[in-house]
Amino acid sequence: MVATGPRCLSNIVRSQDALHAPYGGVVPELAARAHLQTIVPVIERALDVAGTRWEEIDALAVTRGPGLIGCLLVGVNIAQAIGWARTRPVVGVSHLAGHLYAAQLEDPALRPPALALIVSGGHSDLIRWRADGGIEVIGRTRDDAAGEAFDKGARILGLPFPGGPAIDRLAVAADPRAVAFPRPRAPGFDFSFSGVKTALLYDVRKRGPLSEGTRADLAASYQEAIVDALLTRVESAFNEEPAPTIILGGGVARNRRLREAAQDRLGRLARLVIPAPELCTDNAAMIGAAALVEWDRRGPDPVPFDADPSLGF
Ligand code: KG4
Ligand code: ZN
């Protein structure tokens, strides 16, 4: 539940990590079914925690895409069904825009222009958020997304799903300089993580069974390579065209080393806004924040509208 400001009144997250963990990754059919089972109780709880009655709600916000079609369909259909039943307008927004506008929940005074890095399980996008509100993607991944690189690296290291948090935890007390993994270099501001992932795979194969200490050192070194690659790109983009604010968002922005290194390296270039960890991983509040922006820009969507699994910002 989000009020103008933007102000977060409640943010209920029903994680599916435990559901997918036995399979080592997200199983689309299970994800969609779990969405269907939990969406109504989650909406009721969000109303409850915020202490809001339906009469006080002006509009509904929902993710139109990008993402798994089965999951998106659950959301867009229930949002439009509630909108129809309660005669409320519906705003369909981009999941990626949600990760960007989550920064406004952290700092309601935040306005463009800004340079932003959005890193999640499906995307690694470097964007310029223009003064007029327009969004220009200036860098994207050529292969795996940053979160995917964390998840695949974790699997190589024998760590549980989701891999990002597992690597983050293990790396805390380990040596990030134990192994000098290659720093990925794609053209322009693009990212590429397949090289560092392959380097980790060969290193692990070469070593045979890993001791706990070595596993942790490899996790820390691998994490360091990804973090360094991400921040190097942000620095280059900033040097090409400075901005008063730099934003980090998306599930990978929870990463402790990324947050710390970003403070060191980017915090002295511009004002750095990294949303609180719970606003970085997928959540409903960021979709509410995005809907407020879209509402001001273009108003509600004409219904009926469809999910769009390959929607951009
Ligand atoms: O934005 P998000 O919650 O979902 C997508 O839109 O994909 O991002 C999920 C991704 C996963 O790949 C997960 O491993 C990664 O974010 N992640 C992390 C951390 N927490 C979540 N990666 C590194 N360190 C973390 N602490
Ligand atoms: Zn996400």
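## Cysteines without a bridge

The sulfur of cysteine 280 has its closest cysteine sulfur in cysteine 8, at 13 Å, which is too far for a bond. A disulfide needs a pair of cysteine sulfur atoms within 2.5 Å, so this pair does not qualify. The model you are looking at is a predicted one, and a search through the whole of it finds zero disulfides.

Where do these cysteines sit, then? Cysteine 280 counts as buried, at 1% relative accessibility. Cysteine 71 is buried too, with a relative accessible area of 13%.

## The nonpolar cores

Which residues have the most contacts inside the largest nonpolar core? They are Leu115, Leu126, Phe193, Leu230, Ile246 and Leu248, in a core of 47 residues. Two or more residues each come from strands S5 (114–119) and S8 (245–249), and from helices H5 (146–156), H6 (163–171), H7 (194–207), H8 (212–240) and H9 (256–266). H8 gives the largest share, with twelve residues. As general background, nonpolar side chains in soluble globular proteins tend to be buried together.

Leucine 115 is a good place to start exploring. Beyond its neighbours within four places in sequence, leucine 115 is in contact with Leu126, Ile127, Arg128, Ile138, Val234, Ala237, Phe238, Ala243, Thr245, Ile246 and Ile247. There is also a second, separate core, made of 24 residues, and among them are Val91, Ile118, Ile127 and Ala289.

## Helices H8 and H9

How do H8 and H9 meet? Their axes come within 10 Å and cross at roughly 35°, and the crossing is right-handed. On the H8 side, the residues that meet H9 are Gln223, Glu224, Val227, Asp228, Leu230, Leu231, Thr232, Val234 and Glu235. Their partners in H9 are Arg257, Leu258, Ala261, Ala262, Arg265 and Leu266.

## Helix H3 and the turn after it

Helix H3 covers residues 69–85, and at 1.5 Å a residue its 17 residues should span 24 Å. The end C-alpha atoms are indeed 24 Å apart, which agrees. Its buried residues are Cys71, Leu72, Val74, Gly75, Val76, Ala79, Gln80, Ile82 and Gly83. These pack against helix H2 (28–50), strand S3 (60–65) and strand S4 (90–94).

Threonine 87 follows H3, in the loop that leads on to S4. Its phi is near 45°, a positive value in a residue other than glycine. Is threonine 87 buried or exposed? Threonine 87 counts as exposed, because its relative accessibility is 67%.

## Helix H11 and what covers it

Helix H11 (285–298) passes the length check as well: its 14 residues should span 20 Å at 1.5 Å a residue, and the end C-alpha atoms are 20 Å apart. Buried in H11 are Ala285, Met286, Ile287, Gly288, Ala289, Ala290, Ala291, Val293 and Glu294. Their cover includes strands S1 (2–3), S2 (7–8), S3 and S4, along with helices H4 (95–106) and H10 (277–280). Ala289 also belongs to the second core.

Just after H11, glycine 299 takes a positive phi of about 75°. The segment after H11 also holds proline 304, and the peptide bond from valine 303 to proline 304 is cis, with omega near 0°.

## Around H5 and H6

Another cis peptide bond joins phenylalanine 161 to proline 162, with omega near -5°. Proline 162 lies in the loop between H5 and H6. Alanine 166 is in H6 and is buried, with a relative accessible area of 5%. Not counting residues up to four places away in sequence, alanine 166 touches Leu159 and Pro160. The C-alpha atoms of alanine 166 and valine 42, 124 residues apart along the chain, are separated by 27 Å.

On the other side of H5 in sequence, aspartate 143 is found in the loop between strand S7 (135–139) and H5. Aspartate 143 counts as partly exposed, at 30% relative accessibility. Which residues does aspartate 143 touch, not counting those up to four places away in sequence? They are Phe191, Ser192, Phe193 and Ser194, and Phe193 is one of the residues with the most contacts inside the largest core. Aspartate 143 and alanine 261 are 118 residues apart in sequence and 24 Å apart in space, C-alpha to C-alpha.

Conventions: Residues are numbered from 1 along each chain as its sequence is written. Chains are lettered from A and ligands numbered from 1 in the order in which they are written. This is a predicted model: local features need pLDDT of at least 70, side-chain atom pairs count only at pLDDT 80 or more; totals for chains, interfaces and linings use all residues. Side-chain values use heavy atoms; hydrogens and water are left out. Buried means under 20% relative accessible area, exposed over 50%, partly exposed in between (1.4 Å probe, protein chains only). A nonpolar core is a set of buried Ala, Val, Leu, Ile, Met, Phe, Trp, Tyr and Cys residues joined through side-chain atoms within 4.5 Å. Helices (H or I, at least four residues) and strands (E, at least two) are DSSP runs, numbered from the N terminus. Contact means heavy atoms within 4.5 Å. The expected span of a helix is 1.5 Å times one less than its number of residues. Axes are lines fitted to C-alpha atoms, for helices over the stretch in contact, and angles run from 0 to 180 degrees between N-to-C directions. A crossing is left-handed if the near helix is turned anticlockwise from the far one by less than a right angle, and right-handed if clockwise.
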